[in-house]
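Subject: Structure handover

Hello,

Here is the structure I said I would pass on. My notes on it follow below.

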Amino acid sequence: MMKRIFALPLLIAITSTVGLLSALLGDGVYDWVSWLGLGVPVIAALYAYAKRD
């Protein structure tokens with residue numbers, strides 16, 4: 001039960017961390033990875049906002 005509750009927040013946290021680290025560590029491909037990694041929480045928030053009652 002706990003795995004199902006924390007799976008999505010953990011995935012968002014990991015992608016955010018990877019995005020932040022890649023933004024700090026390099027250029028080129030790292031920039032694309034950082035955009036994708038930092039875009040996931042924004043997309044998740046927009047999805048949750050649109051889905052709310």
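Leaving aside its neighbours within four places in sequence, which residues is Ser34 in contact with? They are Gly19, Ser22 and Ala23. Before going on, please keep in mind that this is a predicted model.

Overall shape

The protein has two helices and zero strands. Its C-alpha trace spans about 40 × 25 × 10 Å along the principal axes. The radius of gyration is 13 Å, whereas a compact globule of 53 residues would have a value near 10 Å. Of the 53 residues, 15% count as buried. About 4,700 Å² of the protein is exposed, and carbon and sulfur atoms supply 76% of that area.

Helix α1

Helix α1 has 24 residues. From its first C-alpha to its last it reaches 34 Å, close to the 34 Å expected at 1.5 Å a residue. There is a bend of about 30 degrees at Leu8, and the proline Pro9 follows within four residues.

The buried residues of α1 are Thr15, Ser16, Gly19 and Ser22, and they pack against α2. Two of the residues that Ser34 touches, Gly19 and Ser22, are thus also on the list of buried residues in α1.

Ser16, located in α1, has a relative accessibility of 16% and therefore counts as buried, the cut-off being under 20%. Not counting residues up to four places away in sequence, Ser16 touches Gly37, Leu38 and Pro41.

Thr17 is also found in helix α1. With a relative accessible area of 42%, Thr17 is partly exposed, because that value falls between the 20% and 50% limits. Thr17 and Leu38 are 21 residues apart along the chain, and their C-alpha atoms are separated by 8.3 Å.

Helix α2

Helix α2 takes in residues 29-51, which is 23 residues. At 1.5 Å a residue these should span 33 Å, and the end C-alpha atoms are 33 Å apart, so the two values agree. A kink of about 30 degrees lies at Gly39, shortly before the proline Pro41. Pro41 is one of the residues that Ser16 touches.

Ser34, Gly37 and Gly39 are buried in α2. The buried residues of this helix pack against α1, which covers residues 2-25. Of the buried residues, Gly37 is among the contacts of Ser16.

Ser34 sits in α2 and counts as buried because its relative accessibility is 7%, under the 20% cut-off. A polar atom of the Ser34 side chain lies 2.7 Å from the backbone oxygen of Asp31.

Gly39, the site of the kink, belongs to α2 as well. Its relative accessibility is 18%, so Gly39 also falls under the 20% cut-off and counts as buried. The C-alpha atoms of Gly39 and Gly28 are separated by 17 Å, and the two residues are eleven places apart along the chain.

Exposed positions in α2

Is Ile43 buried or exposed? Ile43, in helix α2, is exposed, because its relative accessible area of 58% is over the 50% limit. Between the C-alpha atoms of Ile43 and Met1 there are 25 Å, with 42 residues separating the two along the chain.

Ala50 is placed in α2 too. A relative accessibility of 64% is over 50%, so Ala50 counts as exposed. How far apart in space are Ala50 and Leu24, C-alpha to C-alpha? The distance is 32 Å, and the two residues are 26 apart in sequence.

Summary

To recap, the model is a predicted one with two helices and zero strands. The buried residues of α1 pack against α2, and those of α2 pack against α1. Each helix has a bend of about 30 degrees, at Leu8 in α1 and at Gly39 in α2. Contacts between the helices include those of Ser34 with Gly19 and Ser22 and those of Ser16 with Gly37 and Leu38.

Regards

Methods. Residues numbered from 1 in each chain as written. Predicted model: local features only at pLDDT ≥ 70, side-chain atom pairs only at ≥ 80, totals over all residues. Heavy atoms only, no water. Expected span 1.5 Å × (residues − 1). Bend = angle between axes of the 7 residues up to and from the residue. Buried < 20%, exposed > 50% of the residue type's maximum accessible area, 1.4 Å probe, protein only. Contact = heavy atoms within 4.5 Å. Rg over C-alpha atoms; globule rule 2.2 N^0.38 Å. Areas by Shrake-Rupley, 256 points an atom, 1.4 Å probe, with all protein chains shown as cover. Polar contact = N/O pair within 3.5 Å; in protein donor to acceptor, adjacent residues only side chain to side chain.
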